[in-house]
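Student: Could we go through this model together? I would like to begin with how two of its helices pack.

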Amino acid sequence: MRSFATLVTVLVVVASGPTLTSAQQSGALRIGSAAARAGEKGSGFIVVPAGIDSGTRIPLTIVRGKDPGPTLALIAGTHGDEVAPVIALQRVRRELDPARLAGTVLLVQVANLPSFLRRTVYYSPIDGKNLNRVYPGKRDGTVSERIAYAITHEIIERADYLVDIHAGDGNESLRPYTYWSPLGLNPRADSIAREMALAWGSDYIVIDSARPHDPQASVYTQNTAHLRGKPALTTEAGYLGLPAEDMIARNEQGAFRLLRYLKMIPGDVELVRHPLWFDRTEVLRSPGTGIWYPQVERGHTVQKGTVIGVVTDFFGDTTAAITAPFAGVMLYVVATPAISEGEPLGMVGRPVEER
Ligand SMILES: [Zn+2]
C-alpha cells in the first residue's frame, strides 16, 4: 500500500523538478559538443567512442527557451530506415523559435547513425542488434548498447517528457499510430502520457501495457523514460524508408501539438477527439525463409482467417499462407519480398470501444 507520506514526497519532487532556476537557466547547457544558453539553439554530437566494436556519434540539437520550463526529448532514427521522423526533426530545429519557447527541447536528430547510413532494417550493421531492444544500454557493450547507454544518461535522464518517434521501417507499409504504455506503476506518468498521445495527433492508439517493469532491463527507449518517472510515448508515422511529405508533416505537427499541450509554446491545445484504441495487437511472423507476397495493405480491415499473404520458396512454390488470428486492422504490412524465418510480416490490431 502506498503511504500518504510517499505520495507527498512524490508530488513535491514533481512540482520542483522540471523547472530550472534562473541561475541554472543563464548558464550554457552542454551535451556532447552541443551547447545553448537561454534563448539559443545549438547543435553538435554526442560521441560514442569505439569499444569492443567501432564507435559512432549522435547528432543532437538543444533548443533552449528564453523562459524556464520543462525539458522535452524528441528522438528520431532509433531504427535506421525510418526516415520521415528524421526529416521532421530537421524542420522542428529550423522552425522552433527559442524566443517563444519555455523550457528546453532536446532533438536527437538520428539516434542510430550506423543503421541510418547503411539503410539497415531493424538491426545495426555493426553488431546485429535492435537499438530499441537493448535499453538502458551498457557502457562497455556493443555499439547499439553504447548508443542506448549514451541516450539514457545524456538525454533521458535530463528529460521530463520523451517521444521516441518511429515510422514503418524500410520494409514496412504502416498506417500511423501511437503506442501508449500504461504500466500501473506511476499513475501520473500513465495519465500524462495518455494525454500526450491525444496531443500528438494520431487517431489510432495502441495500448501496450506489457512492457518490462525493471529500470535496469527497460528494453525500449520509451520504457526507459517511463520507468524513470517521465511520461513518454512511442509514435509511428511513415513507411517503406520514404520521406513521404504527408508523413513528415504529421511528425512535425505532432511535435508542435505536443509543445502546445505541455505549455512550452503558446497556442491552443488540440487533443484527438475520437481516437480508436487498440487493446490487442499481434505481430505475425514468417514460418519460413523465402519470398513474401502480401495480399492486404496498411489500414485494411481483416476478419479472423483472412489471408494476409503467402510465403513462397525461392522457386515460387507456396510454402505457407498467413492468416489473421483475430478480426482487426492491419497497422502495418511488410511490403517488400525478402523474408527470413521468424521475421515480422505485419501487425494486426483489435480496436476496442471508445474510452
Ligand atoms: Zn522503429
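Tutor: The crossing of α6 and α8 is right-handed. Please keep in mind that this is a predicted model.

Student: What is the angle between α6 and α8, and how far apart are their axes?

Tutor: The angle is about 135 degrees, and the axes of α6 and α8 lie 8 Å apart. The two helices are therefore oblique to each other.

Student: Which residues meet there?

Tutor: From α6, the residues are I192, E195, M196, L198, A199 and W200; from α8, they are N251, G254, A255, R257, L258 and Y261. By class, this contact has eight nonpolar, two polar and two charged residues.

Student: Turning to the largest nonpolar core, which members touch the most others?

Tutor: They are L74, L96, V105, L258 and L259, in a core of 38 residues. Elements giving two or more residues to this core include β5 (67-76), α3 (84-95), β6 (102-108) and α8 (245-261). The largest share comes from α6, with seven residues.

Student: What is V105 in contact with, beyond its sequence neighbours?

Tutor: Leaving aside residues within four places in sequence, V105 contacts T61, I62, V63, L72, L74, L96, L259 and M264.

Student: A different topic: where does I126 lie?

Tutor: I126 is in the loop between α4 (113-118) and α5 (143-154). Its relative accessibility is 33%, so I126 counts as partly exposed.

Student: And what does I126 touch?

Tutor: Not counting residues up to four places away in sequence, I126 touches D53, S54, P114 and V143. The C-alpha atoms of I126 and G55 are separated by 9.5 Å, with the two residues 71 apart along the chain.

Methods: Residues numbered from 1 in each chain as written. Predicted model: local features only at pLDDT ≥ 70, side-chain atom pairs only at ≥ 80, totals over all residues. Heavy atoms only, no water. Core = buried A, V, L, I, M, F, W, Y, C linked by side-chain atoms within 4.5 Å. Buried < 20%, exposed > 50% of the residue type's maximum accessible area, 1.4 Å probe, protein only. Helix = DSSP H or I, 4+ residues; strand = E, 2+ residues; numbered from the N terminus. Contact = heavy atoms within 4.5 Å. Axes fitted to C-alpha atoms, helices over the stretch in contact; angles between N-to-C directions. Parallel < 35°, antiparallel > 145°, perpendicular 65-115°, else oblique. Left-handed = near helix turned anticlockwise from the far one by under 90°. Nonpolar A, V, L, I, M, F, W, Y, C, P; charged D, E, K, R; others polar.
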